[in-house]
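Let's take a walk through a protein model together, stopping at a few spots along the way. Keep the 3D view open and find each residue as we get to it.

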Amino acid sequence: MEDSASEGAFKGVRVVELAQWVFVPVAGALLADWGADVIRVERPEGDPYRALATQGIGTDGGGVNLSVALANRGKRSVALDLRGEQGKAILHKMLETADVFLTNFRPGALRRLGLDADELTRRYPRLVYARGHGFGARGPDADHPGYDSSAFWARGGMGYTLTPEEREYPISQRGAMGDRNGAMALAFGIAAALLGRTRTGRGTVVDVSLLATAMWTLSSDLLVALTGQAPRISSGPGDGPNPLVGAYRTKDGRHIQLVFLESDRYWAPFCELIGRGDLVADPRFADLRARGENRVACRAELEAAFATRTFEEWKGLLAGIDAPWAPVQSVLELVDDPQVVANGYVGEVQLDGGGSYRLPTVPVQFDSQPPVPRRAPEHGEHTESVLLELGYTWEEIAALTEAGAIP
């Protein structure tokens, strides 16, 4: 099969990415998945994310740095010192050929480098200037450093909302949750800006923050807060009005999630399926209102029923009802889930010298096909080839190396 990137939706689009860590680089990787030529500009010592040790998948993994691979697959890497005029001149030569400038450098740093939005949109009117922030482009904290665990998880209300009230400290988020959600929004914004440019001939400035991403994720709670009320924080199973929505514990200590929002539609067939047809005639559980009023008793009956079968037995039994439910799976189980396999939600990267590794694919598919994931570049791997494309000679490249503009 032909490499999906060669015929992707962003074929012919050049992105110059001046970013580090996860949030904005992942947005670049999503564009690269669908054919964009993403040139990643790294400082001479490299993105600090390359040195991060995390769960045995970063620099501590003993092989491919999977964290870096996921955030930078399919790109080219140029190592460049922007502290000097020669390095800046090279960057501007790249920007002359670019459709998108993608960055998560803070506003103060961009101004000092002469790369702020006002300057670049004046100099390159067709350029889409896309930036990811911790806290937004304006306001007192616009220049404050922000990672997803601070801007998305802590300040964005995620940790507070998802932490049970009985805990003394908020739960910790999983790695880069906010970063990868924000990256999807930023890639969407860039796509919209490129579409808009086909109509107006001009680029625009695209902004996405981790703070705003958290607020969007918590929209249901935010709608309650906007009425002046405090959103209810779930304290565990059984506190909702519908006993057919929630997790139930199986005989072997696993859980099944029911999501029977239309509970009157599913109540009778569900009770018959699980061998509790007697509950259908019980006036305490006659309809949604009755089950809500008697939810403690209703849930107790269902908990007793779920405790009679194992996790695997429940999965087999519930396969016989056309209703929304799911097993509560571990991530180890998820990677081999038949639906994951059938839909290509995990892709395999083939290495040039043999061998391979697996990565999650972008959630978006075109014509029922996921993109074929490609490897991430080594630090500065494409510096010379990109400079040759820009018209530099080998003699000029050697002089830039000697001057320290490139390693």
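Start at Tyr147, which counts as partly exposed because its relative accessibility is 44%; buried means under 20% relative accessible area, exposed over 50%, and partly exposed in between, using a 1.4 Å probe and protein chains only. Before going on, keep in mind that this is a predicted model, where local features need pLDDT of at least 70, side-chain atom pairs count only at pLDDT 80 or more, and totals for chains, interfaces and linings use all residues. Residues are numbered from 1 along each chain as its sequence is written, and side-chain values use heavy atoms, with hydrogens and water left out.

So what does Tyr147 pair up with? A search of the whole structure turns up 10 aromatic pairs. In one of them, Trp21 and Tyr147 meet edge-to-face, with 5.5 Å centre to centre and 85° between the planes. Here's the rule: rings of Phe, Tyr and Trp (its six-membered ring) pair if their centres lie within 6.5 Å, and planes under 30 degrees apart count as stacked, over 60 as edge-to-face and the rest as tilted. Trp21 sits in the loop between strand 1 (14-18) and helix 1 (23-33), while Tyr147 sits in the loop between strand 5 (128-133) and helix 6 (148-154), so this pair ties together parts that are 126 residues apart in sequence. Helices (H or I, at least four residues) and strands (E, at least two) are DSSP runs, numbered from the N terminus. Trp21 is partly exposed too, with a relative accessible area of 24%.

Now hop over to another pair. Tyr248 and Phe306 are stacked, with 5.0 Å centre to centre and 15° between the planes. Because Tyr248 lies in strand 7 (residues 245-249) and Phe306 in helix 13 (residues 295-306), the pair ties together parts that are 58 residues apart in sequence. Are these two buried or exposed? Both Tyr248 and Phe306 are buried. They also have company: Tyr248, Phe260, Tyr266, Phe270, Phe306 and Trp314 make up one aromatic cluster.

Tyr248 has a charged partner as well. The charged end of Arg299 sits over the ring of Tyr248, 3.9 Å from its centre. For that label, NZ of Lys or CZ of Arg must be within 6 Å of the ring centre and within 35 degrees of the ring normal. You can find another case at Phe311, where the charged end of Arg254 sits over the ring, 4.0 Å from its centre.

Next, the cysteines. How many disulfides does a search of the whole structure find? The count is 0, where a disulfide is a pair of cysteine sulfur atoms within 2.5 Å. Look at Cys271: the closest cysteine sulfur, in Cys298, is 7.5 Å away, which is too far for a bond. Cys271 is buried, at 0% relative accessible area, and Cys298 is buried as well, also listed at 0%.

Let's move on to Asp99, found in the loop between helix 3 (85-96) and strand 4 (100-103). Asp99 is buried, with a relative accessible area of 14%. The side chain of Asp99 makes a polar contact with the side chain of Arg197 (2.8 Å). A polar contact is a pair of N or O atoms within 3.5 Å; within protein, one must be able to donate a hydrogen and the other to accept it, and residues adjacent in sequence count only if both atoms are side-chain atoms. Not counting residues up to four places away in sequence, Asp99 touches several others, including Gly12, Arg126 and Leu194; contact here means heavy atoms within 4.5 Å.

For contrast, try Glu45, in the loop between strand 2 (37-42) and helix 2 (66-72). Glu45 is exposed, with a relative accessible area of 51%. Apart from neighbours within four places in sequence, Glu45 is in contact with Arg83 and His379.

Last stop: two residues with a positive phi. Ala176 has one of about 60° although it is not a glycine, and it lies in the loop between helix 7 (158-162) and helix 8 (177-200). Asp367, not a glycine either, has a positive phi of about 50°. Ala176 counts as buried at 12% relative accessibility, whereas Asp367 counts as exposed at 74%.
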